[in-house]
Amino acid sequence: MPGYLDHARVGPLSRPAARALAGANGLATRMAPADLDRLFALGDAARASAARLLDARPHELALSPSTSNGLFTVAAALQGPGTVLVPRGEFPANVYPWLRFEGRGGPDVRLVEPDEGRHITPESLRRRLTPDVVALTVSAVDSLTGHVAPLAALKEVLGPHRLLIVDAIQGLGAVPLEAEAADVLVSGGQKWLRAGWGAALLLIRDRCAARLAPGLGGWAGVAEPFAERHPAPPLPGAAAHLATNPDFPAAAALGAALDDLAGQGGPAAVGARIRTALAELLDRAERAGAEVLLNGLGPAERAGIGTFRLPGHDPAAVHRALEAAGVVTTRRGEWIRLSPHSSTPAAATDLFAEALAPFARPAGRARTATAGPATPEPMPPDPASGTPPTRTTSPSSTTLTQEPTCPTT
């Protein structure tokens with residue numbers, strides 16, 4: 001669809017990923033011994049491609065089923081005592097693993113406020129560091145505002161003895177990331193990489209591997225899975241944390257997506273095109289009188305996500321009008337999120353502007369949105385459970401007020 005502007009929710013499967021997925025499924029239909037070897041090789045190739053992208057060694061990478069599973073794996077591996085800092089406003093996938101293992105052998109959890117709706121800054125992190133802090137977990141890109149975390153500066157404040165754990169799913173493939181600063185990085189492929197579900201990258205660098213016990217590591221994570229006595233010694237590197245074998249067709253799609261990203265010039269080239277497309281969309285929104293969340297972000301501070309609202313208009317009505325015009329976005333309470341890709345055609349900007357025209361203010365541009373008091377906003381029901389979750393929404397954060405299933409980021 002030319003008006004698809006929702007890659008921060010789900011990136012439609014790319015052609016290279018779709019071909020790789022179909023080819024791997026073809027191998028699985030035959031399952032001759034040589035075909036099984038080829039399936040395993042596809043997983044190894046995906047890890048090698050990821051290692052090149054993240055400037056890592058292949059053994060520092062493993063394939064997890066999803067971002068959430070990878071974060072739970074890390075939370076199970078980081079044994080207490082100590083405290084892990086978790087910024088408020090993080091997407092729940094990067095909150096619940098730490099809460100679930102608090103009191104079950106994991107470190108205590110300390111929720112910290114972000115700064116002016118952005119990520120935690122190096123200055124505020126420095127103020128919050130106490131001797132008991134062992135790790136900071138943070139999203140590489142905020143899922144509501146699009147703000148890019150200053151990973152290198154955060155790691156410099158943390159120092160070599162505290163871990164920087166990064167949920168990279170909203171940044172990997174959309175923007176250059178300071179990935180070398182991450183001690184641990186987790187990212188699925190179903191958003192900006194357009195690789196579909198079933199495989200995620202789990203990066204555990206050698207410099208911190210000894211500090212992470214294989215809490216969820218199963219038979220696939222040991223050197224002698226068929227030994228007479230267990231536990232057997234763990235495999236070296238990130239593989240020690242594998243519970244079982246990866247989804248090989250999904251791994252093939254992820255590997256193809258990573259290779260396609262490299263073939264397009266890598267995150268810098270693709271990210272530049274995404275940011276250009278987003279800037280044009282936000283400009284059209286402002287012309288219609290919209291307020292843009294964190295509109296003061298510099299070019300290097302915003303990834304592929306921009307969020308706006310039209311004062312005086314029902315956000316649900318605006319969202320429905322966009323959808324009726326063939327423009328696909330995500331609504332978060334009073335905010336509407338835009339997330340184009342490098343493949344987004346120029347026609348999408350025209351469709352978007354035409355859909356906003358009936359709501360446009362005649363009096364020029366609106367103010368930049370600033371933080372204000374939070375107000376409860378009903379959210380659409382979860383398609384899996386039918387349960388209508390409630391969020392407390394402000395321009396700077398989105399916080400769950402109960403524990404529903406969250407189908408998208």
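This is a short tour of a predicted model, stop by stop.

**The whole chain**

Start with everything shown. The secondary structure comes to 11 helices and 14 strands. Of the 409 residues, 54% count as buried. Now think about contacts between residues at least 6 apart in sequence: 70% of them join residues at least 24 apart. Switch on the surface. The protein exposes about 17,300 Å², and carbon and sulfur atoms supply 56% of that area.

**Helix α8**

Select residues 248-263, which form α8. Put a distance on the C-alpha atoms at its two ends: they are 22 Å apart. That agrees with expectation, because 16 residues at 1.5 Å a residue should span 22 Å.

Is α8 enclosed or open to the outside? Buried here means under 20% relative accessible area. By that cut-off 12 of the 16 residues of α8 are buried, so the helix is largely enclosed by the rest of the structure. Colour the buried ones. Among them are Phe-248, Pro-249, Leu-254, Gly-255, Leu-258 and Leu-261. Alanines are on the list too, including Ala-250, Ala-251, Ala-252 and Ala-253.

What do these buried residues pack against? Show α1, α2, β1 (61-64), β7 (200-204) and α9 (266-287) to see the partners.

Next, go to the N-terminal end of α8. Asp-247 caps it. Look for a side-chain oxygen of Asp-247 that lies 3.1 Å from the backbone nitrogen of Ala-250. Then move to the other side of the helix in sequence. Just after α8, Gly-265 takes a positive phi of about 105°.

**Strand β5 and its neighbours**

Select residues 163-167, strand β5. Five of its five residues are buried, so β5 is largely enclosed by the rest of the structure. Turn on side chains. In a regular strand they alternate between the two faces of the sheet. Here Leu-163, Ile-165 and Asp-167 point one way. Leu-164 and Val-166 point the other way.

Add β4, residues 133-139. It runs parallel to β5, and five bridges join the two strands. To find one of the pairs, pick Ala-135: its bridge partner in β5 is Leu-163. Now add helix α6, residues 151-158. Together β4, α6 and β5 make a right-handed β-α-β unit.

Which strand pairs with β5 over three bridges? Select β6, residues 184-188; it pairs with β5 in the parallel sense. Ile-165 has Val-184 as its bridge partner in β6.

**Backbone exceptions**

Most residues other than glycine have a negative phi, and most peptide bonds are trans. The next selections depart from that.

Go to Met-31, in the loop between α1 (15-30) and α2 (33-54). Its phi is positive, about 60°, although it is not a glycine. Met-31 counts as partly exposed, because its relative accessibility is 41%.

Then jump to Leu-294, in the loop between β8 (291-292) and β9 (306-309). Its phi is also positive, near 55°. Leu-294 is buried, with a relative accessible area of 12%.

Finish with two peptide bonds:

- Gly-80 to Pro-81 is cis, with omega near 5°. Pro-81 lies in the loop between α3 (67-77) and β2 (83-87).
- His-230 to Pro-231 is cis, with omega near 10°. Pro-231 lies in the loop between α7 (206-209) and α8.

Note on methods
Residues numbered from 1 in each chain as written. Predicted model: local features only at pLDDT ≥ 70, side-chain atom pairs only at ≥ 80, totals over all residues. Heavy atoms only, no water. Helix = DSSP H or I, 4+ residues; strand = E, 2+ residues; numbered from the N terminus. Buried < 20%, exposed > 50% of the residue type's maximum accessible area, 1.4 Å probe, protein only. Expected span 1.5 Å × (residues − 1). Contact = heavy atoms within 4.5 Å. Polar contact = N/O pair within 3.5 Å; in protein donor to acceptor, adjacent residues only side chain to side chain. Pairing = 2+ DSSP bridges. Right-handed = clockwise from strand over helix to strand, strands pointing away. Areas by Shrake-Rupley, 256 points an atom, 1.4 Å probe, with all protein chains shown as cover.
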